[in-house]
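Good morning, colleagues. I should like to take a few minutes to go through one structure, from its overall organisation to selected side-chain pairs.

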Amino acid sequence: AAVVDQFRQELQEQFQKSEFADRFNGLLHALKNAQEKPELFRVVFSHHRTVERIRSFVIDQISSDMEAFNQRMGIKSGPEVLAKAHIMAGSIIGTFNYWLNYQDDMSAEELAEMFQQFVLRNIEHPERLREIHESTFSS
C-alpha cells in the first residue's frame, strides 16, 4: 500500500507541474521514472484496482485541462472532451504496459515521441486518424 501511495503522489505531482499542451514532457518524465524504478511500476501496474484509480485520475486531469483550454479559447466543450480523455488515458496506460515489458526496444525519448506523434497530434487533429486508417487498412 505504501508503494502505491508513493506512486500516486508522484503521479499527482507530475500532473500538477504540466499542462495539457506539455504532456509530452510529463510522459517522458514518467517513463524515465519507470526506467529508474521498474519494480515499483510493475507492482503498481499489476493491481487492476490501482490501474483503474490511476486511469480515473488521468481522465479527470486531462478533462479538466481540456475544459480549461476550451474556455480560454472561447470554445464550447461537448462530449468529445470526455471521450478524448478516455482515449488518452487508455493510451497512457498502454504505453506504460509496453514500456515495462520492452524497455530495451527503444528509449524513453523515442517512446514519448511516438506517443506524441500518434496520440496527442491525432487527438488535436482527428482528421489525421482517417488518413492513418486509410493508409494502414486500405487494400
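Let me begin with a single residue. R55 has a relative accessibility of 23%, and it therefore counts as partly exposed. Please keep in mind throughout that this is a predicted model.

R55 has a partner: its side chain meets that of E52 in a salt bridge, at 3.0 Å from N to O. Both residues belong to helix α4, which covers residues 48–73, and they are three residues apart, about one turn of the helix. E52 is also partly exposed, because its relative accessible area is 28%.

With that pair in place, let me step back to the whole chain. The secondary structure consists of seven helices and zero strands. Read from the N terminus, the order of elements is accordingly α-α-α-α-α-α-α. The chain has 139 residues, of which 37% count as buried. Its exposed surface is about 8700 Å², and carbon and sulfur atoms supply 53% of that area. As for contacts, consider those between residues at least 6 apart in sequence: 67% of them join residues at least 24 apart.

I return now to the charged pairs. How many salt bridges does the count come to? The count is three, and the pair of E52 and R55 is one of them.

Another is formed by E39 and R42, whose closest N and O atoms are 3.2 Å apart. These two residues lie in helix α3, residues 38–45, and are again separated by three residues, about one turn of the helix. Their exposure is as follows. E39 has 54% relative accessibility and so counts as exposed, since the cut-off for that class is over 50%. R42, with a relative accessible area of 34%, is partly exposed.

The remaining pair I wish to discuss is K32 with E109, a salt bridge with an N to O distance of 3.0 Å. Which parts of the chain does this pair link? It links distant parts: K32 sits in helix α2, residues 23–36, whereas E109 sits in helix α6, residues 108–124, and the two are 77 residues apart. Both ends are partly exposed: K32 has a relative accessible area of 33%, and E109 one of 37%.

Let me turn to the aromatic side chains. A pair of aromatic rings is described by the distance of the centres and the angle of the planes. By the rule applied here, the count comes to three aromatic pairs. In one of these, the rings of F41 and F96 have centres 5.8 Å apart and planes at 10°, and the pair is therefore stacked. This pair also connects distant parts of the chain, with F41 in helix α3 and F96 in helix α5, 55 residues apart. Are these two residues buried or exposed? Both F41 and F96 are buried.

F96 takes part in a further pair, with F45: this one is stacked as well, at 5.6 Å centre to centre and 20° between the planes. Because F45 lies in helix α3 and F96 in helix α5, the pair ties together parts that are 51 residues apart in sequence. F45, like F96, is buried. Taken together, F41, F45 and F96 form one aromatic cluster.

Helix α5 offers another position for inspection. V81 lies in this helix, which spans residues 80–101. At 4% relative accessibility V81 counts as buried, because the cut-off is under 20%. Which residues does V81 touch, leaving aside those up to four places away in sequence? They are S63, M66, E67 and N70. As a distance for reference, the C-alpha atoms of V81 and D65 are separated by 9.6 Å, with their positions 16 residues apart along the chain.

Finally, let us look at the surface. F69, M73 and I75 form a nonpolar patch there, with about 290 Å² of accessible area together. Of these, I75 is located in the loop between α4 and α5. I75 is partly exposed, since its relative accessible area is 44%.

To close, I would draw attention to two links across the sequence: the salt bridge of K32 and E109, joining helices α2 and α6, and the stacked pair of F41 and F96, joining helices α3 and α5. Thank you for your attention.

How values were computed. Residues are numbered from 1 along each chain as its sequence is written. This is a predicted model: local features need pLDDT of at least 70, side-chain atom pairs count only at pLDDT 80 or more; totals for chains, interfaces and linings use all residues. Side-chain values use heavy atoms; hydrogens and water are left out. Helices (H or I, at least four residues) and strands (E, at least two) are DSSP runs, numbered from the N terminus. Buried means under 20% relative accessible area, exposed over 50%, partly exposed in between (1.4 Å probe, protein chains only). Contact means heavy atoms within 4.5 Å. Accessible areas come from the Shrake-Rupley method with a 1.4 Å probe; for residues, only the protein chains shown count as cover. A salt bridge is a side-chain nitrogen of Lys or Arg within 4 Å of a carboxyl oxygen of Asp or Glu. Patches are made of residues with over 30% relative accessible area and no salt bridge: like charges are joined within 9 Å, nonpolar side chains (Val, Leu, Ile, Met, Phe, Trp, Tyr) within 5 Å. Rings of Phe, Tyr and Trp (its six-membered ring) pair if their centres lie within 6.5 Å; planes under 30 degrees apart count as stacked, over 60 as edge-to-face and the rest as tilted.
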